[in-house]
Amino acid sequence: MLLWLWGFVRPYRLRLVIAIIALVATATLTLSLGQGVKLMIDEGFSSQSTLGLANALSVVGLIIFAMSIGAYFRFYMVSWLGERVVADVRKKLYSHLVSLPPSFFEDNLAGEIQSRVTTDTTLLQTVIGSSFSFALRNALTFIGGLSLMFISNIKLTLIVLLVVPFIVFPLIYFGRKVKKLSRDSQDKIATVGAWAGESLQHIKVVQAFTREDMVNEQFGQAAESAFDVALKRIRQRALLIALVMMLVMGSVAGMLFVGGSDVIAGELSAGDLAAFVFYAIMVAGSLAAVTEVYGEVQRAAGAAERIRELLATKAEIESPEITVADTSSEYGVLQDQPLIEFNNMSYAYPSRPNMNALNQLNLAVKAGESIALVGPSGAGKSTIFDLLLRFRDPQNGDIKIAGKPLTEWDLQDLRSQFALVPQQPVLFSANVWDNLKYGRPDATEAEVMAAAKAAHADEFIEQLPDGYQSFLGEQGVKLSGGQKQRLAIARAILRDPKILLLDEATSALDAQSEHYVQQALDGLMKGRTTFIIAHRLATVRHVDRIAVFDHGQLVDFGNHDELLESSDLYRKLAELQFQVEEKA
Ligand SMILES: Nc1ncnc2c1ncn2[C@@H]1O[C@H](COP(=O)(O)OP(=O)(O)OP(=O)(O)O)[C@@H](O)[C@H]1O
Ligand SMILES: [Mg+2]
């Protein structure tokens, strides 16, 4: 863990050096206080001289002054390092997470990952920002104090040292246990967090189905089991601390008895004994401190391990090392060739390896063409969008854009060809401006407003309390479903992409808004390569060609009139819908 952490500390070597200098200086000064104590007793008390006492005290005063200055630098530098390193770890962790493919987040609870970024890194901060310096300081005190003890009195030192093996072995043994328990404990806390997050986010469903009691119960259990694991850890540590304290203080008492006898026999000056006791107490105190910190370091080691694991998760989908020169400028040349090709492509979700969500798909789309994807629910339509955006890689066959397989595209280049209106509109906790400009941060005010107008969103935006400045709440909870959808469309319009992906983009709109938005989309689709998924066939009648999917299979392909003739499935879907519409 230390080696790994060193990678983060290294850029701040200079500060580390200052911190260590300050640390060594304060530790040395602390130890030299022992000599001050000796002076005070031998020159002051024993020789009954007030002047001697005053002189000794002024030496002590100087040492204390220097110590305070050292302490300031030590504390400042070390805390600075702790905060700095944790900020760096957090940043690195987050940017790594953002690069992971969506499938990672399907297998891992968002709340749990959040806890890695917040709780685990905070643990690291405790270690670097305080425990580590605390331990180092105490280790120095320990070594220095011990040397001074040896120098001043070997016999007494040996008595004190008798207990050391009894301390070190339990320390290592318990330390291992604490580390494991700490990991469990953090895992439990992460789960508790994830639980809470999910039910709070969906509070309406929880309350509508009156499941508050059940959620309470589940959360309570999770919290209790986190407590249980924490309790085990605390027991181990409490035991360790008590054991060390007893052994250390016991040996100090033994040493005091032997040393006291020597002073009475006149073999040792009272000042020497006082200084020795001072050292012994410092040494014992530092040992106790180190054991306490050791537990904490073990806890942090558990946290570091988890953070490292997360950082080591490889993004399965990455840009190729060397990207072939950007072909986007050659779009014009490619006008007669297909812009997008699916070649014998099959894809199965990893969690369902035996069922192809898309099976042996062959499809070629020319630049500027609009293609509708229709078919029953679960047919694989949205999956096509995931594959086009390279959120997932097909197991067989390939997809080419502008003649280049997706795997050869730089990911950012590839994705900037698209604008997506997803099946569930997604808004961020920000105001209308920021949400609309999400796909094109440099858009001007006029452009944003034009896009909003085209998506038929300007009317309701202007009626919001703060207009475009209105804050939309987390995931846009302060809007209706249709309003969210219009904002999602406006965002796509503003992005002005080469390829437009519309997944049920108008499904939540009333007939009138849909009519207007559809007009805007028709305008947007003109001359632009577009994939449009829709259940309502009326909305896709005018596209160039319609692809009919069933169970992951492309079953028919053609325009509306052709399909009415040739496709049983399409005819069935169309008849059902027109029946419903006629009734209405
Ligand atoms: N993340 C996932 N993991 C595993 N299976 C998935 C995942 N997403 C979708 N599927 C499955 O893949 C199949 C195709 O799903 P897809 O979302 O592409 O359907 P769709 O045609 O868009 O349906 P709808 O019209 O209802 O949106 C479905 O059987 C679905 O259960
Ligand atoms: Mg879908």
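**Ligand surroundings, domains and a helix pair**

In this predicted model, ligand 1 is surrounded by 13 residues, of which the closest are Tyr349, Ser377, Lys381, Ser382 and Thr383. When the residues of this shell are sorted by character, three are nonpolar, seven are polar and three are charged. The element that gives the most to the shell around ligand 1 is helix H11, spanning residues 381-388, which supplies three residues.

On the scale of the whole protein, the chain is divided into three parts, namely domain 1 (2-312), domain 2, which is made up of two segments (330-417 + 499-583), and domain 3 (425-496). Between domain 1 and domain 3, the distance separating the C-alpha centres is 51 Å.

A pair of helices was also examined. Two packed helices are described by the angle between their axes and the distance between the axes. For helix H14 (residues 445-454) and helix H16 (residues 481-495), the axes come within 8 Å and cross at roughly 130°. Angles over 145 degrees count as roughly antiparallel and those from 65 to 115 as roughly perpendicular, and H14 and H16 are therefore oblique to each other. The crossing of H14 and H16 is right-handed. On the side of H14, the contact involves Glu447, Val448, Ala451, Ala452 and Ala454, which meet Ala490, Ile493 and Leu494 in H16. Of the residues that form this contact of H14 with H16, seven are nonpolar and one is charged, while no polar residue takes part.

Terms used
Residues numbered from 1 in each chain as written. Chains lettered and ligands numbered in written order. Predicted model: local features only at pLDDT ≥ 70, side-chain atom pairs only at ≥ 80, totals over all residues. Axes fitted to C-alpha atoms, helices over the stretch in contact; angles between N-to-C directions. Helix = DSSP H or I, 4+ residues; strand = E, 2+ residues; numbered from the N terminus. Parallel < 35°, antiparallel > 145°, perpendicular 65-115°, else oblique. Left-handed = near helix turned anticlockwise from the far one by under 90°. Contact = placed C-beta atoms within 7 Å. Nonpolar A, V, L, I, M, F, W, Y, C, P; charged D, E, K, R; others polar. Domains from an automatic or database assignment. Near = placed C-beta within 6 Å.
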